[in-house]
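Dear colleague,

I am handing over the structure we spoke about, together with some notes on what was found in it. Please have it open beside you as you read.

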Amino acid sequence: MTSQLTPARRTVLTGAAALTAAGFVAQPIPALAHGGRHRTRLTVLGTTDLHGNVFNWDYFKNLEFDNAARDDIGIAKAATLIKAARAKLGRQPVLTLDAGDTIQGTPLAYYYARIEPIGRRTIHPMAHAMNLVGYDAAALGNHEFNYGLDTLRTFESQLNFPLLGANAVDPATGRPVFPPYVIKRYKVHGGPDLTVGVLGLTNPGIAIWDKANVEGRVEFPGLVEQARRFVPELKRRGCDVVVISAHSGADTSSSYGDALPWPENAASLVAEQVPGVDAILVGHAHRDIPQRFVTNSRTKQDVLLCEPAYWGMRVAVMDLDLQHHHGRWKVVGSHGQTLNSNTVSGDPAVLAAVRRQHETVVDYVNSPVGTSAAALSAARAVVEDVPIIDFVQFVQADAVKAGLTGADAALPVLSIAAPFNRAASFPAGQVTVRDVAGLYIYDNTLLGVKVTGAQVKDYLEFSARYFQQVSGSGPFMMAQVTNQVTETAPNGTPDYNFDTVAGLDAPLTYDIDIAQPVGSRILNLSYDGQPVAPGQEFAMAVNNYRQSGGGGFPHVSTAPVVYNRQNEIRQLLIDWVTANGTIDPAEFASVDWRLVSGGQPITIT
């Protein structure tokens with residue numbers, strides 16, 4: 001099976017026209033200030049969080065990628081913009097960087113890590129693509145460690161540029177186990193050479209998220225701490241300009257709370273607290289930040305931050321205006337922008353280099369992974385407990401239970417799940433990768449948090465806002481009881497904001513009384529046949545969207561995190577079917593919840 005590789009729905013452009021269509025705004029180089037003898041501009045072109053996307057392709061839908069914003073994805077399209085920018089800039093100094101999370105996130109990346117692992121005869125598709133783009137360096141992302149250090153080292157060996165990680169250090173020596181930085185020197189027309197230091201920083205959370213792969217082998221101190229060590233070293237080595245590629249978000253926060261002494265998202269802290277930094281290419285947070293300035297607390301210099309979204313949707317352009325005086329180049333101004341890749345065609349060389357691997361993976365995702373003992377459907381998942389959602393609950397809870405350690409391993413495990421796609425179904429018989437992926441349509445990762453019985457009830461009461469308030473036994477149509485309109489959901493509460501909760505080793509059971517007002521709908525909440533006590537403790541499997549506050553559900557964003565391997569839930573489901581062969585609802589399905597009105601069952605057609 002092959003796929004359409006050329007975008008069909010949008011105008012495709014290259015060269016200067018591509019830059020204009022993508023939103024490029026040329027900035028004039030300012031005139032020499034008093035005392036200056038030469039001027040130039042360093043332009044940093046950047047990508048981040050490519051997550052294994054080369055083509056503008058959705059492997060789970062077997063269609064060209066699309067979303068509500070009409071974004072396009074893939075490094076092939078980013079390559080078109082990068083090459084066009086280089087051509088426009090001519091002899092001006094240009095630096096091309098990536099801020100990490102490269103080799104995980106798509107079936108393409110998964111296939112060449114687990115199905116046909118990269119090695120001497122198999123080059124990673126992202127290595128093919130990135131080498132053709134001609135990056136100068138890339139920072140390590142946390143997802144680089146998902147497949148283990150051996151796979152990462154193999155990928156590193158296939159690149160024509162360094163993977164940087166100043167805060168990925170040897171536990172015994174404290175020295176970086178990857179290059180901490182690279183120094184680039186540029187000839188400047190009519191002026192002295194320009195020396196640029198590029199420092200790479202990754203995420204401290206790797207110590208938690210990939211503990212099994214890195215414990216005892218690599219440690220991950222804070223970004224600020226390591227930048228304070230290496231920025232002065234770059235200055236001592238003659239760098240006029242210091243640019244950081246940081247796989248760490250701009251807005252200070254941590255999904256792991258105080259589990260580590262260093263914040264997960266620390267790019268702004270680096271800019272504020274470490275003198276000598278001129279610009280930071282930001283990654284990890286999957287945000288589009290064309291330009292943000294953070295003032296360094298000591299030097300009062302404004303440091304430019306730029307984050308170009310994710311998956312190749314955007315390319316960062318950071319212009320650093322330089323003036324030479326007193327024997328060195330100095331940044332005298334800066335500005336940033338991000339270019340939208342949805343108006344350009346993919347770079348032909350990149351597409352050609354990865355075409356065979358892409359088509360291999362298209363065939364893979366359309367291949368059978370197991371069987372289902374019965375036809376399963378999500379069509380009624382919004383009004384009754386159905387086995388196909390129980391399957392998600394079971395796999396999530398089972399993964400969290402297997403990963404609990406210490407005293408947490410004794411906690412009973414629960415799981416939350418929502419009906420993301422009412423059209424999802426498994427046929428009786430053969431099930432493909434795409435069938436499983438159609439059930440879980442989002443790129444969420446799995447976490448486990450510690451919650452109390454009272455918090456579980458609060459969570460369920462919040463979720464039950466999804467239902468309209470009705471009385472009587474019915475019959476009602478689904479549209480009469482679901483998707484309640486609220487101030488925050490004027491078009492109706494979406495299905496993905498209706499979470500149910502299930503137990504693993506014993507059932508968690510409850511009724512949702514939709515005749516009652518919001519906040520008083522959860523009745524008969526029990527675990528293993530006994531009423532849930534307010535102080536009773538559970539580990540609860542949740543997705544990263546919920547844990548980060550998505551949907552505004554109570555407690556889970558502040559609850560202690562007891563499991564976080566950053567495993568993609570969709571891939572966990574696929575892996576479970578592959579390993580077990582048969583999806584048999586008799587092994588995991590149970591009626592954990594039901595809708596009632598006035599305490600009595602209701603009929604919904």
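The notes below take up a pocket, a cavity and two single residues.

Please keep in mind that this is a predicted model, in which local features need pLDDT of at least 70 and side-chain atom pairs count only at pLDDT 80 or more, while totals for chains, interfaces and linings use all residues. Residues are numbered from 1 along each chain as its sequence is written, and side-chain values use heavy atoms, with hydrogens and water left out.

To begin with the empty space, a pocket here is an open set of points on a 1 Å grid over the protein atoms alone, with protein on both sides within 12 Å along at least five of seven lines, whereas a cavity is a set of points where a 1.4 Å probe fits but cannot get out; lining residues have an atom within 4 Å of a point. Grid points are joined across faces, edges and corners, and a volume is the space filled by probe spheres set on the points.

The second largest pocket holds about 390 Å³ of space, and of the 20 residues that line this pocket, Arg 114, Asn 146, Tyr 147, Asn 567 and Glu 568 are the closest to its centre. Strand β26 (561-568) is among the elements that supply at least two lining residues each, as are helices α3 (107-115), α7 (211-214) and α16 (569-580), and β26 gives the most, with 4 residues. Helices (H or I, at least four residues) and strands (E, at least two) are DSSP runs, numbered from the N terminus.

There are 5 cavities of 30 Å³ or more, and the second largest cavity has a volume of about 60 Å³. The residues lining this cavity include Ile 389, Val 392, Gln 396, Phe 420 and Asn 543, and α11 (387-403) gives the most to the lining, with 3 residues.

As for the single residues, Thr 432 sits in strand β19 (residues 429-432) and counts as buried at 15% relative accessibility, whereas Gly 134, in the loop between α4 (125-133) and β5 (137-139), is partly exposed at 33%. Buried means under 20% relative accessible area, exposed over 50%, and partly exposed in between (1.4 Å probe, protein chains only).

Leaving aside neighbours within four places in sequence, Thr 432 is in contact (heavy atoms within 4.5 Å) with Val 365, Asn 366, Ser 367, Pro 368 and Val 369, and Gly 134 with Arg 86 and Thr 96.

With best wishes
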